[in-house]
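Please look over the sequence and the model before reading on. The report below goes from the whole chain down to single residues.

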Amino acid sequence: MKHPIVIIGLNPAWQRVLSIPHFKSNEINRIDTVIEYASGKGINCAQILKKVGGDGVLLQCVGGTTGEQIVTALNNAEIKHHSIPVSYKTRICQTVCDSFGAATEIIEPSGTLTGDERTSLNMALKAHLLE
C-alpha cells in the first residue's frame with residue numbers, strides 16, 4: 001500500500017512581492033505592482049509535488065487573517081493540507097524589487113507554538129504517518 005508523502009511546513013508565510021520601478025533609498029517610493037501568494041518551504045514543496053503528480057499532504061500551523069488567506073489559497077489550488085489553527089498570526093514576508101534586478105526581503109518574526117498547539121501538531125503528524 002502506497003502512503004502519501006507528509007510535508008511538514010513549520011514556517012508558512014503570506015508572501016507579498018512589491019515592484020518599485022525606480023527605487024531610491026531615503027526617498028518616497030511608489031509601488032508599481034503587488035503580487036501576493038501563499039509561500040514557505042512546505043507550501044512550495046506541496047505545490048511542486050502536486051505539479052509532478054505526487055501524492056502528498058502538507059501539515060502546517062496557521063493563524064489570523066494571513067493563515068486564513070493561506071488556507072483559502074491552498075484550497076483554491078486543490079493542494080491537500082492539514083492546517084492546524086494557532087493563536088498567533090502567520091507571518092508576512094515582503095520582497096521589494098526594482099527595475100535593475102535588485103531585491104530585498106523583509107521577513108516578520110514567526111510566532112511560537114503553545115503546548116496545546118505542539119500537541120495538536122504531533123497528533124496530526126502521527127495520524128498522517130499511520131494512514
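What follows describes a predicted model.

## Overall make-up

The protein holds three helices and seven strands. Read along the sequence, these elements come in the pattern β-β-β-α-β-α-β-β-β-α. The C-alpha trace spans about 55 × 35 × 20 Å along its principal axes.

Of the 131 residues, 34% are buried. Contacts often link distant parts of the chain: among those between residues at least 6 apart in sequence, 61% join residues at least 24 apart.

## Surface and charge

The accessible surface comes to about 8,300 Å². Carbon and sulfur atoms account for 56% of that surface.

The protein carries 12 positive and 12 negative charges. The mean positions of the two sets lie 4 Å apart.

## The four-stranded sheet

Which strands build the open sheet, and in what order? There are four of them, ordered β3-β2-β6-β7, and their pairing is mixed. The edges are taken by β3 (33-39) and β7 (103-107). Each of these two has a single partner strand, so one side of each lacks a neighbour in the sheet. Neighbouring strands are turned by 20° against each other on average, direction ignored.

Strand β2 covers residues 13-20 and β6 covers residues 92-98. The two run parallel and are joined by seven bridges. Gln-15 has Cys-93 of β6 as its bridge partner. Leu-18 stands opposite Val-96, also in β6. In general, side chains of a regular strand alternate between the two faces of the sheet.

## The β6-β7 hairpin

On its other pairing, β6 meets β7 in the antiparallel sense, over five bridges. Cys-97 stands opposite Ala-103 in β7. The two strands form a hairpin with four residues between them. Gly-101 sits in the turn and has a positive phi of about 95°.

How much of β6 is buried? Five of its seven residues are, so the strand is mostly covered.

## Helix α2 on the sheet

Helix α2 (residues 64-76) packs on the sheet. The helix touches β2, β3 and β6. Its direction makes about 90° with that of β2.

Thr-66 belongs to this helix. Is Thr-66 buried or exposed? Its relative accessible area is 2%, and buried means under 20%, so Thr-66 counts as buried. Leaving aside neighbours within four places in sequence, Thr-66 is in contact with Trp-14, Lys-89, Thr-90 and Ile-92. Trp-14 falls within the β2 range of 13-20, and Ile-92 within the β6 range of 92-98. Pro-12 is 54 residues away from Thr-66 along the chain, yet their C-alpha atoms are separated by 9.8 Å.

## Ile-107 in the edge strand

Ile-107 is placed in β7, one of the strands at the sheet edges. Which residues does Ile-107 contact, leaving aside its neighbours within four places in sequence? They are Arg-91, Ile-92 and Cys-93. Ile-92 is also a contact of Thr-66 in the helix.

Ile-107 and Thr-72 are 35 residues apart along the chain. Their C-alpha atoms are separated by 22 Å.

Key: Residues numbered from 1 in each chain as written. Predicted model: local features only at pLDDT ≥ 70, side-chain atom pairs only at ≥ 80, totals over all residues. Heavy atoms only, no water. Pairing = 2+ DSSP bridges. Axes fitted to C-alpha atoms, helices over the stretch in contact; angles between N-to-C directions. Contact = heavy atoms within 4.5 Å. Buried < 20%, exposed > 50% of the residue type's maximum accessible area, 1.4 Å probe, protein only. Areas by Shrake-Rupley, 256 points an atom, 1.4 Å probe, with all protein chains shown as cover. Lys, Arg positive; Asp, Glu negative; His and termini not counted. Charge placed at Lys NZ, Arg CZ, Asp CG, Glu CD.
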